[in-house]
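New to this one? Here's a quick tour, grouped by topic so you can follow along in the viewer.

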Amino acid sequence: MEKIYYLKGLDCANCAAKIERGVQGLPGVAEANVDFMNQKLAVTYQDEAAEAEAAAMQKIAQLEPDVEVSTSPSGTPVKTSCDGSCEGAIHHHETQQNQNTPQPSFWTQLQDHWDLVRIIITAVALLALVLWKPTGLVRIISYVLVYLLIGGDIVKRAVTNLFQGEVFDENFLMTIATVGALFIGEYPEAVLVMFLYQIGEFLQDFAVDRSRKNIKELMDVRPDSARVLVGGKEQIMDPAAVTVGSLVVVNPGEKIPLDGVVKEGKSSLDTSALTGESLPKDVVAGDEILSGTINQAGRLVIETTKDYGASTVSKILELVENASSQKAPAEKFITKFARYYTPAVVLLAVLIVAVPTLFFGGDFYEWLYRGLTFLVISCPCALVISVPLSFFAGIGGASKAGVLIKGSNHLETLAKVDTVVFDKTGTLTEGKFGVDEVSGPLPENEILAYAAALEQHSSHPIAQSILKAYQGTPQAVTEVQEVAGHGITGSVQGVQAAIGNQKLFQSLGIKAPEPVGVGTVLYVAVAGKYAGQIVINDQIKPDAKETIQALGQNGVKTTVMLTGDNPQVAQSVAKKLGLTKFFAGLLPEDKVHHVEALTKEAQGKVAFVGDGINDAPVLVTADVGVAMGGVGSDAAIEAADVVIMNDQPSKLVQGMKISRKTLKIVKQNILFALIVKSLVMLLGTLGYASMAAAVFADVGVTLLAVLNALRCLKAK
């Protein structure tokens, strides 16, 4: 059984890792996964679910008392105490938000902004102490009081964690370093270190919260309300309360609240929030319409075909919100690295103090100061925050571009793809018939004119493709006779004409040449003589060739097409697009075998791109399964790792660019943080960096890493 909890107040990535480890180790818990960016905890319980759940809640309260837990985003947590043994355990209940909530009191507002208030008070107090210059016991008491004001919470958490076995965290490092500074008489230094650290934490929390807000606003396609026609009158309702079959009115400028079919009106829709496309989409009565798009022009009346939970907008939001739960190897590495990194630097700090003083006669207080400075520098904040933030931003940026990536792990794998395998129909081609070629003794427009006249009353896809290619009003036709399986004959303005296959021409005694193209060939006769032939084919998508070229320019070495179509058609498509190779006449299981073989041959990762319905087994087999045109397709969303929201294969290139840029930024942040920290650690050990400078360097590295991570929001 899996349960999701919302962790309000989770502003520390290292704390998230502690909660994950703590809950993971509880009896009855099969798996625990903290999503720091979305402030969520997913727990998979075993049989003893009730007992394990209570233990999990108590564990969170013990590890992070400031984190509030609820079972829904709007849930209100309640903290209680019971006989001292379960102090801090969190119980929760669901409440509806009251729209008439009274304004918070002065003390409530002060509590909400306490971090900023005490930073300001500390700054004033430090300035006063510098100007006043007290001495003796007054000096000690003054600095200790200011120290407790700005750093008391950190000391408290360090002591609490110490008794719970969580020793090596940033609270422990800052407490040991600053208490040590107080011990050797560096009172201003101790207060300044805590002051700078709290400023860094405040700015860091602000940056992360702003990032969360920006990314969520980027993907905020959720409609706020729906205008439902009830008894002929419009009634404003929550989209979640609207039933299937209801009539919903959408005025210009409003979001489409639910998936449905247009019953009245016509308009243009802004689909950029779903597909990343800037061009509007025109809709008329009878057209399907998706939730989350914006009505730009006329009034529409829509009959809903899905409830809110099954609508496109709901699926997209669920995918994006859950994406951060699927952690990439780089994220897992940093979490594990931070767990062992901190104890290692504590040991090094001890050695920095002990070795020079015990074996080389060094001054104890001097080397103690250097060791404490070393501890301050070692905080791993830049790493544990910037890495998950980079992936979160990358997934958000890709979503805005119309590419849904279902997890950080899939984003990292997509960045390493060097072989892309395509399905043909519906992926590289439109999956619709179209006129590919017209040739013969008569001019092209005359051949099409006779063909359109004969086919104008047929609803067959081939007939419709001819009418579309002609683009004019077909001439009148009489004496129409349809020869089943062969073709059609008739009189076009008094001239006998025929269109069909070679069997029809043989029965009419008309000699037809061999086909000149690959595809379905229709022969046209006029006045008993061969007039020309029309080659009908599945049409290649306009951006398919551009996509293949762009993939090659972006490091993809091999492009392969797998199709169930005949070899001649497959060869023609592969040649036009410039594919590396193709395999034709395949059954679904044959495609799986080919992808498995390509996976073994490829140096990097293999991506399979298909329509997400017929190709579900192959999508699962590949390193990365990419579903084309996945909007509204349950099969696509379920089977694929990446869902392209429209039918344009070029979106794959954009998704790969974003994934590679994200991975590049992750590596940049890791290297940047390690290099700067190593350098400042060395300077601190040699006595060239103070504790205050060390904190400033640590804060600066973290903020720069966070800002760099936000570059993942853009594809370019």
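Let's start with a pair of helices: helix 4 (residues 114-132) and helix 5 (residues 136-163) have axes that come within 10 Å and cross at roughly 160 degrees. That angle makes helix 4 roughly antiparallel to helix 5, and their crossing is left-handed. Keep in mind that this is a predicted model.

**Around helices 4 and 5**

- K133 sits in the loop between helix 4 and helix 5.
- The backbone at K133 is a bit unusual to look at: phi is positive, about 55 degrees, although K133 is not a glycine.
- K133 counts as exposed because its relative accessible area is 63%, and the cut-off for exposed is over 50%.
- D115, R118, D153 and R157 are tied together in a network of salt bridges.

**Another helix pair**

- Further along, helix 11 (residues 364-377) packs with helix 23 (residues 691-709), their axes 8 Å apart and at an angle of about 10 degrees.
- With that angle, helix 11 runs roughly parallel to helix 23, since anything under 35 degrees counts as roughly parallel.
- The crossing of helix 11 and helix 23 is right-handed.

**Salt bridges**

- How many salt bridges does the structure hold? There are 13.
- E234 is a good one to click on, as its side chain meets that of R227 in a salt bridge, 3.4 Å from N to O.
- The side chain of E234 also meets that of R299 in a salt bridge, here at 3.7 Å from N to O. This pair links distant parts of the chain, 65 residues apart: R299 is in the loop between strand 14 (294-295) and strand 15 (300-304), while E234 is in strand 8 (residues 233-237).
- Partly exposed is the label for R227 at 25% relative accessibility, for E234 at 39% and for R299 at 41%.
- K306 pairs up with D259 in a salt bridge, with the closest N and O atoms 3.9 Å apart. Here too the pair links distant parts of the chain, 47 residues apart: K306 is in the loop between strand 15 and helix 9 (312-323), and D259 is in the loop between strand 9 (247-250) and strand 10 (260-264).
- Is D259 buried or exposed? D259 is buried, at 3% relative accessibility, whereas its partner K306 is partly exposed at 23%.

**A nonpolar patch on the surface**

- Which residues make the nonpolar surface patch of about 770 Å²? They are L347, L348, L351, V355, L358, F359 and F360.
- One of them, L351, is found in helix 10 (residues 329-359).
- L351 has a relative accessible area of 41%, so it counts as partly exposed.

**Two more spots to visit**

- Q493 is in the loop between strand 20 (487-492) and strand 21 (495-500).
- Phi of Q493 is positive, near 50 degrees, and Q493 is a residue other than glycine.
- At 60% relative accessibility, Q493 counts as exposed.
- Q549 lies in helix 17 (residues 544-553) and is partly exposed, with a relative accessible area of 44%.
- The C-alpha atoms of Q549 and L577 are separated by 8.4 Å, and these two residues are 28 residues apart along the chain.

How values were computed:
Residues are numbered from 1 along each chain as its sequence is written. This is a predicted model: local features need pLDDT of at least 70, side-chain atom pairs count only at pLDDT 80 or more; totals for chains, interfaces and linings use all residues. Side-chain values use heavy atoms; hydrogens and water are left out. Patches are made of residues with over 30% relative accessible area and no salt bridge: like charges are joined within 9 Å, nonpolar side chains (Val, Leu, Ile, Met, Phe, Trp, Tyr) within 5 Å. Accessible areas come from the Shrake-Rupley method with a 1.4 Å probe; for residues, only the protein chains shown count as cover. A salt bridge is a side-chain nitrogen of Lys or Arg within 4 Å of a carboxyl oxygen of Asp or Glu. Helices (H or I, at least four residues) and strands (E, at least two) are DSSP runs, numbered from the N terminus. Buried means under 20% relative accessible area, exposed over 50%, partly exposed in between (1.4 Å probe, protein chains only). Axes are lines fitted to C-alpha atoms, for helices over the stretch in contact, and angles run from 0 to 180 degrees between N-to-C directions. Angles under 35 degrees count as roughly parallel, over 145 as roughly antiparallel, 65 to 115 as roughly perpendicular and the rest as oblique. A crossing is left-handed if the near helix is turned anticlockwise from the far one by less than a right angle, and right-handed if clockwise.
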